[in-house]
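Good morning, and thank you for coming. Please take a moment to look at the structure before I go through it.

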Amino acid sequence: MTASGLLGELTGVGADRTRGGYSRHVFDAPERELRTWFVERAQRLGLGVETDLNGNIWAWWGAPGPDAVVTGSHLDSVPGGGAFDGPLGVASALAAVELLQGKGFRPGKPFAVVVFAEEEGGRFGVPCLGSRLLTGTIDAGKARALRDPDGITFAEAAAKAGLDPERIGPDPERLGRIGRFVELHVEQGRGLVDLGSPVAVGSTVIAHGRWRFSFSGQGNHAGATLISDRRDPMIPAAETVVAARRLASTAADARATVGRLVPTPGGTNVIASTVDLWVDARVPGDTGTLSLVEELTGAARAAAEAEGCRVEITRESYSDDVVFDDALRRDLGTWLGSPPELPTGAGHDAAILAGFVPSGMLYVRNPTGISHSPEEFAESADVDEGARALAEVLEKMSA
Ligand code: GLV
Ligand code: MN
Ligand code: MN
Ligand code: MN
């Protein structure tokens, strides 16, 4: 089946009636439905499927082995996300295998399609959790203890999904099998629209991280408490949101976002006792993200003190700038007739793997330029062009 046909099979799975778009989080019902779909589709192509220690799924064309050519992406989404971020790379990988099989190609190297778990960090907060665990980029104990908004730990959710929580962690043997990795992904900006090209090769991923700011004050009555008597944690929280925007506006190419803010207990006529917010900061270069957050920390502490509140700041994840493998980029460009190269501000499993094995990315044009939102889009013709491009490079890499 074509990549666009395969994607069409996922329409409606995990549709979020409240937020719009799709909410598919690791090991929840829709994500498990997508995993089952992937396993069935891979088996229909004759691939041998296994789930690793960390919940990533591997589908091998032929026997697993060293120097493998690996492609894939993820099936989970952000809350209320689009239909393409993740599933496009998985559907394209399956379609590419079918295209290659259809022309009688047999890989000369081990070959696998992979689905990484919890790429968005939409449930447990740390993005690329499956690839971080595989590579040992996150401490296994820390990962096991991560909690979702309902208080369920990653270890508990993994056990429920059939994994052994004690074995979650680095998997050097499996990682050591990967020779080269390529991830195809929908573009998350307007680069390809402006360049008039359906496909690009990825060049860099900018440094990024997530921090939790927890403000605490005194919960109280919204009518009976004079302004002068309040210790309202929403005030320093709000100042932090504005400071994040101000700091990001003054540093070159910086981005800072507060997309999630949770007041507790959360009543209209209640002064909150605590407010948690999450800052997503991304600045190109080795130090920009960390220094932006350091300045923001100072602003948050000062605002908290002025209101008689406390603030605790926790780094939940951080990744340095990544430049994708030079030789692989050159090869991808040559094989695909020199499509544009694009940097991105979005994180990807390919960027985690890039620290360990030669890795690269292909992007498919997104006419809206919007992502992490229901408006994310790719035309079917471009989707199928992307899968053909992926098949082309996989054929060359695994010949
Ligand atoms: C993942 O898509 C991210 O970059 O936030
Ligand atoms: Mn995403
Ligand atoms: Mn993605
Ligand atoms: Mn991503």
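I shall begin with one pair of strands; please bear in mind that what we are viewing is a predicted model. Strand 9 and strand 11, the latter covering residues 274-282, run antiparallel and are joined by nine bridges. For one example of such a pairing, take Val 262: its bridge partner in strand 11 is Asp 276.

As general background, the strands of a sheet pair through backbone hydrogen bonds, and the pairing may be parallel or antiparallel. Here the two strands belong to an open sheet of four strands, with antiparallel pairing and the order 9-11-7-12. Which strands lie at the edges? They are strand 9, residues 255-264, and strand 12, residues 310-319, each of which pairs on one side only. From one strand to the next, the twist averages 15°.

A helix packs on this sheet, namely helix 9, residues 234-250. Helix 9 touches strand 7 (208-216), strand 9, strand 11 and strand 12, and its direction makes about 170° with that of strand 9.

Helix 9 also has a helical partner. Its axis and that of helix 10, residues 288-306, come within 9 Å and cross at roughly 150°. Because angles over 145 degrees count as roughly antiparallel, helix 9 is described as roughly antiparallel to helix 10. Their crossing is right-handed. On the side of helix 9, the residues that meet helix 10 include Pro 236, Ala 243 and Leu 247; on the side of helix 10, Leu 292, Leu 296 and Ala 300 are among them. By class, this contact has eleven nonpolar residues, one polar and two charged.

Let us turn to a second pair of helices. At what angle do the axes of helix 3 and helix 13 cross? The axes of helix 3 (residues 87-102) and helix 13 (residues 380-398) cross at roughly 60° and come within 8 Å. That angle makes helix 3 oblique to helix 13. The crossing of these two helices is right-handed. Helix 3 contributes residues including Leu 88, Ser 92 and Leu 99, while helix 13 contributes, among others, Val 383, Gly 386 and Arg 388. The contact of helix 3 with helix 13 comprises eleven nonpolar, two polar and two charged residues.

Finally, I come to the ligand. Which residues surround ligand 1? They are Glu 120, Pro 127, Ala 346 and Gly 347. By class, this shell has two nonpolar residues, one polar and one charged.

Thank you for your attention.

Key: Residues are numbered from 1 along each chain as its sequence is written. Chains are lettered from A and ligands numbered from 1 in the order in which they are written. This is a predicted model: local features need pLDDT of at least 70, side-chain atom pairs count only at pLDDT 80 or more; totals for chains, interfaces and linings use all residues. Two strands pair if DSSP finds at least two bridges between them. Axes are lines fitted to C-alpha atoms, for helices over the stretch in contact, and angles run from 0 to 180 degrees between N-to-C directions. Two residues are in contact if their C-beta atoms, placed from the backbone, lie within 7 Å. Angles under 35 degrees count as roughly parallel, over 145 as roughly antiparallel, 65 to 115 as roughly perpendicular and the rest as oblique. A crossing is left-handed if the near helix is turned anticlockwise from the far one by less than a right angle, and right-handed if clockwise. Ala, Val, Leu, Ile, Met, Phe, Trp, Tyr, Cys and Pro count as nonpolar, Asp, Glu, Lys and Arg as charged, and the others, Gly among them, as polar. A residue is near a molecule or strand if its C-beta atom, placed from the backbone, lies within 6 Å of it.
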